Every structure is written in structure tokens, then in C-alpha cells.
Amino acid sequence: MTTPLTTSVALPELVDEPDEPQRRRRGRSRLHRASPLTYLTLTFVLLASVAPLYYMVVMASRPNSDITSNPPPITPGGELRDNVTRVFDNPDVVFAQALLNSLLVALVATITVVTLSALAGFAFAKLRFRGKNVYLLAVIGTMMVPVQLGLVPLYMLMGWIGLAGSLWSAVLPFLVTGFGVFFMRQYISQAIPDELIEAARVDGASTFRIFVQVIFPALRPAVAVLGLLTFMERWNDFMWPYLTLSPENPTVQVALSRLSGGYYTDQALVMAGTLLATVPLVLVFVLFGRRIVGGIMEGGVKA
């Protein structure tokens, strides 16, 4: 009688594999770890970015005798209030009016550029009409023409319609930009599916209602970026306001150029004016920077 062979098979040792949430947490922990070189690079970039602003504050709070000393001072002084008062009391420059003019020009341009660029971008991205590609190429072509080439004919046009020297002449040429239209068109094409628009049309929505209730709310990341870039561009513009505005009604950049003019340049006065001109940009970033970054991240996750 034969006995059956008994073979012992070694079973593999069971190992508890981590579940999906644990794997995700481990992946995130590895992803968030930064090397010392990363911290060193970020620290260098931060210092290089903040150093000019800090030294501007130092120079704006010092008298001219300290600014021209050797070695130059590296700590703020106690003359900031006096220098700021001298900027506003300067008889040759109406600095308060210049700040208000720049704020009006930048705000109006930002609102119109964002709105009109979104409308045109929606048309180029999602609507069908004859000659769409030709019109889009024409818009892109305006981005290839240097601004300096259009200054003389644009000034003649402002004089022909009777707006040369007024604040409207600094606003009207920049109500919409080719970059804004192209930027919005690209974003709408990639971020908003055609099925969403078709569903709104099935529900009986008109084209304008689709734009207001469907398209524009989804453009928050693009609106934030384009609005910030437009505001900074118009606030920092110098050449066109210098040509078209009168000396009694300047923008802030033109006012700064007049502060630094003449045979003798009051460095403390110029730095105080530069500090005042920088404050609105810093406030815009402090107030809306988190929303802008959050909107960009939201758009990236949705994409």
C-alpha cells in the first residue's frame, strides 16, 4: 500500500500593503520635502527682490547729506515724514493730483481691458463667424508693432478729436489690448468645454447670458492675472502720458520725472516720491495677491 507523498510548500509571508490614502500621504510628504539648497535659493531670491525696496525706504528717510555719504547708510532714518511733506508741497509738481490721475487711468483701463478682452476672447474661442481667423491674426499682429511707432499718429488723432492734454487721451488708446484678447481666447479655449455651452443653449440661454452666467464666472484666474498685469502696466506707463498730458495734469510717473529734473537733483525728494508711487502697487498685491494665486491654482486643478 502506497502512502501519499506529503510535500510542505512554503507560503509567502503576507505583508500588509498600505492602502491608497496612506500611499497618497506618503507621496505628498515626499513631495513637500525641500532640500537645504532649495531654502538657500529661495532665501537669495527673496533678499534680491526685497533689497531695492528696502534701500528705497532708507534713502527716502534720510537727508541728502546722508545719501551722498561714503559708505552709504543701510538703516532707515527719521526724515521720512519731512521728505513726504516736501513732495506734496512742491510747487512745481502737483503730486496728489498725479496719484489720483494714475489711479483713475489704471482702474479704467483694467476694467475695460478685462471686460472687452473677455468678450472678444469668447467670440474668437467659441463662436462661429465668417473671417474669424483673419480677425484673430489682425489682433495678434497689433502685438508685433512697437508702441513707439504709433505715438505720433495717436497724438495727432487725439488732437483731431479735441482730447489732447486731457486725461481721456491717456485712457482711450488702452481700453483694450491685443495681448488681453489673445490671452482670454487661449484660456477660454482650454478651460471651458463646448459641452457646457451647448447645455446652456439647450436650456434656452442667449449668447450674452451664456457669457455672463457661464463663461465669465469661470474666468476668475484669467481675470485676476490680466487685471493685475494691466493695472501695473498703466500705472508704470511714462512715455504716452508724458506726450499727451499737460504739465499741470500729469500722472505719477511724469511727476517723478519732474521731481528729478533741473540742475540739482534732490535724491531724498525723488526717493520719497518713488516710495509713494510704489505703495499702491504693493497694496494691490497685498489685498488681492492671495486671490490671484488661489485663482491660478484653482484653474490649474480644474484643468
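This dialogue explains how to read confidence, salt bridges and a pocket in a predicted model.

Biologist: What should be known about numbering, the predicted model and the side-chain values?

Modeller: Residues are numbered from 1 along each chain as its sequence is written, and side-chain values use heavy atoms, leaving out hydrogens and water. In this predicted model, local features need pLDDT of at least 70 and side-chain atom pairs count only at pLDDT 80 or more, while totals for chains, interfaces and linings use all residues.

Biologist: What is the mean pLDDT of the protein?

Modeller: pLDDT is the predictor's confidence in each residue, from 0 to 100. The mean for the protein is 82, and 85% of its residues reach 70 or more.

Biologist: How many salt bridges does the structure hold?

Modeller: A salt bridge is a side-chain nitrogen of Lys or Arg within 4 Å of a carboxyl oxygen of Asp or Glu. The structure holds three. One of them joins the side chains of K126 and D194 (2.7 Å, N to O).

Biologist: Which residues does R234 meet in salt bridges?

Modeller: The side chain of R234 meets that of E233 at 3.8 Å and that of D237 at 3.0 Å. Salt bridges that share partners thus join E233, R234 and D237 into one network.

Biologist: Are R234 and E233 buried or partly exposed?

Modeller: Buried means under 20% relative accessible area, exposed over 50%, and partly exposed in between (1.4 Å probe, protein chains only). R234 is buried at 7%, whereas E233 is partly exposed at 47%.
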